[in-house]
Structure formats: C-alpha cells, structure tokens
Amino acid sequence: MRLAELTMSVQRRLARGIDTIPAATATRIGGGPRVVDGQVLDPHLGLILRFDERFRPDPIVPDVPAKRTAIRSSSALAAGAPIGVGTVRDLTVDGADGPLRARHFSPSDGGAGRPLVVFFHGGGWVVGDLDTHDQPCRLLTRHADVHVLSVDYRLAPEHPFPAAVEDAVAAFAWGVEHAGELGADPTRVAGGGGRAGGRHAAGGGRAAPGAGPTPP
C-alpha cells in the first residue's frame, strides 16, 4: 500500500472512532477548546480539525484535478458510515448540453407523495460531485422526510459560466416534470444546495419552466 493510501486509511479509522472518545478527552487531545467567531466548537469536530492540520501534506493544492481528489478524500473521511434511507439509485437527467449524472434518494418508506428537493452540491463551481455530497443528501432525506435528487452539473474551468447555471435550470425543470416518476409530489418541488449549489438552486429554480411564482 502506498504511503498516501496508508495515511488515508489511518485517518479514516481515527475519524470513525472519534465519536466514542469522551468530550473532555477529545478537547485535551485537540489542544484545548476550539473557538470560531466567538463560538466554541464541538470537541469532536475540533479534534477532526486538529488531525486534518496535522496530517494534511500540503494545504495549497496546485491544480484543479488534485484539488478535486483532495475534496473527495476529505469528504469520505468526514462522512462516516452512510446514513440509512429508503433507496439510492444513480440515473441521468437533462442538462443544458446533454445528460447529467444524478442520484435519487428516497425516504425509508418509499416516500409516496413527499416533496422533492433538487440538490446542487457546493464546491466553488470548480470541485465537488455526487459522492462528496452523498452523506448530506442522505441526511436531508432522512430527517426532512423528502425525496432528494442530487445533480452533478458541469464544472469550471472546463465549462465556464454560465454552463452550471444553465444545467441547474434544465435539471430543475427535469425534476418538476419527472417528480411523479420518482414517487414524489409534482406540485411540491424545491431547489436546495450548499454554497455554490445554493446559488444554482436559487437561480435555476426561479428560471426553470414549471417553477412556481417568485416570492416578493
């Protein structure tokens, strides 16, 4: 096993066991309480940050492919065991310039008639994919009791603006049109996402055919 793979394996095992460490011990190992913007972080989160700072080989990732690889690795490290939902299946949806990869998460009981959230991952328009945001989509499905359709839109710099926004418009329209086929309520389709993905959700949801009225 290569050194990088061995390091990631050790990090993953440590991350999976962090929640079992008493809070006081986690605070001590992490070098004391972590304060961000005047708020004290959870001791276990502080310890994860400590490990990340200690073992990260280079905080400056030199190119886009390496940055994407680093994000996938760190996301997998932080995710833990997959959150249980009903079904998870990969599919394709319509993008502005061809099909896009997508992933559908349904509630544990099938979610008949539940709302659908068309989800766009974060990543500064450059990084992120279905896998980096798989766990957040599971969390949303499980605790909001909704269907989630996660969309892998085109990224810069290979696809400059407005490619991602155009994909968001097309994918949201696809979600509205096909919500019933996914087992969701076609009259209750919303957009959602993190950071850059939230921007896509807001813009794409408003502009997509079939979208509801714009709030005042």
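This is a tour of a predicted model, taken one selection at a time.

**Stop 1: the sheet**

Start with the strands S3, S4, S6, S5 and S7, which lie in that order in an open sheet of five strands with mixed pairing. S3 and S7 are its edge strands, each pairing on one side only. From one strand to the next, the twist averages 30°.

Now select S5 and S6. These two strands pair in the parallel sense, over five bridges. Across this pairing, Val 118 stands opposite Leu 149 in S6.

**Stop 2: the helices on the sheet**

Add helix H5, residues 134-144. H5 packs on the sheet and touches S3, S4, S5 and S6, and its direction makes about 50° with that of S4. Then show H6, which lies across S3, S4, S5, S6 and S7 and runs at about 120° to S3.

Stay with H5 and colour its buried residues: Asp 134, Gln 135, Cys 137, Arg 138 and Thr 141. They are on the same side of H5, because they cover an arc of only 160° around the axis. An α-helix has 3.6 residues a turn, so residues three or four places apart point the same way. What do the buried residues of H5 pack against? Their partners are helix H4 (64-79) and the strands S3, S4, S5 and S6. Just after H5 comes Asp 145, where phi is positive, near 60°.

**Stop 3: the nonpolar cores**

Select Val 93, Leu 116, Phe 120, Leu 149 and Val 151, the residues with the most contacts inside the largest nonpolar core, which has 22 residues. At least two residues of this core come from each of S3 (88-95), S4 (98-105), S5 (114-120), S6 (147-151), H6 (163-178) and S7 (184-193). H6 gives the largest share, six residues.

Centre the view on Val 93. Leaving aside neighbours within four places in sequence, Val 93 is in contact with Gly 98, Pro 99, Leu 100, Ala 102, Leu 149, Val 151, Ala 171 and Trp 174. A second, separate core has six residues, including Phe 105, Val 117, Val 146 and Val 148. In soluble globular proteins, nonpolar side chains tend to be buried together.

**Stop 4: Val 117**

Next pick Val 117, a residue of strand S5. Is Val 117 buried or exposed? Val 117 is buried, with a relative accessible area of 14%. Not counting residues up to four places away in sequence, Val 117 touches Leu 140, Val 146, His 147, Val 148, Leu 149, Ala 190, Gly 191 and Gly 192. For a distance to check in the viewer, take the C-alpha atoms of Val 117 and Cys 137: they are separated by 9.5 Å, and the two residues are 20 places apart along the chain.

**Stop 5: salt bridges**

The structure holds twelve salt bridges. Three of them are shown here.

Begin with Asp 97 and Arg 154, whose closest N and O atoms are 3.9 Å apart. Asp 97 sits in the loop between S3 and S4 and Arg 154 in the loop between S6 and H6, so the pair links distant parts of the chain, 57 residues apart. Asp 97 is exposed, with a relative accessible area of 66%, whereas Arg 154 is buried, at 17%.

Move to Asp 152 and Arg 101, where the side chains meet in a salt bridge of 2.8 Å, N to O. Because Asp 152 lies in the loop between S6 and H6 and Arg 101 in strand S4, the pair ties together parts that are 51 residues apart in sequence. Asp 152 is buried, with a relative accessible area of 16%; Arg 101, at 43% relative accessibility, counts as partly exposed.

Finish with Arg 103 and Asp 131, another salt bridge, with the closest N and O atoms 3.0 Å apart. Arg 103 is in strand S4 and Asp 131 in the loop between S5 and H5, 28 residues apart. Arg 103 counts as buried at 9% relative accessibility, and Asp 131 as partly exposed at 48%. Which residues share a network with this pair? Add Asp 90, Asp 134 and Arg 138 to the selection: salt bridges that share partners join them with Arg 103 and Asp 131 into one network. Asp 134 and Arg 138 are among the buried residues of H5 selected at the second stop.

Notes: Residues are numbered from 1 along each chain as its sequence is written. This is a predicted model: local features need pLDDT of at least 70, side-chain atom pairs count only at pLDDT 80 or more; totals for chains, interfaces and linings use all residues. Side-chain values use heavy atoms; hydrogens and water are left out. A nonpolar core is a set of buried Ala, Val, Leu, Ile, Met, Phe, Trp, Tyr and Cys residues joined through side-chain atoms within 4.5 Å. Buried means under 20% relative accessible area, exposed over 50%, partly exposed in between (1.4 Å probe, protein chains only). Helices (H or I, at least four residues) and strands (E, at least two) are DSSP runs, numbered from the N terminus. Contact means heavy atoms within 4.5 Å. Two strands pair if DSSP finds at least two bridges between them. Axes are lines fitted to C-alpha atoms, for helices over the stretch in contact, and angles run from 0 to 180 degrees between N-to-C directions. The arc is that of the directions from the helix axis to the C-beta atoms. A salt bridge is a side-chain nitrogen of Lys or Arg within 4 Å of a carboxyl oxygen of Asp or Glu.
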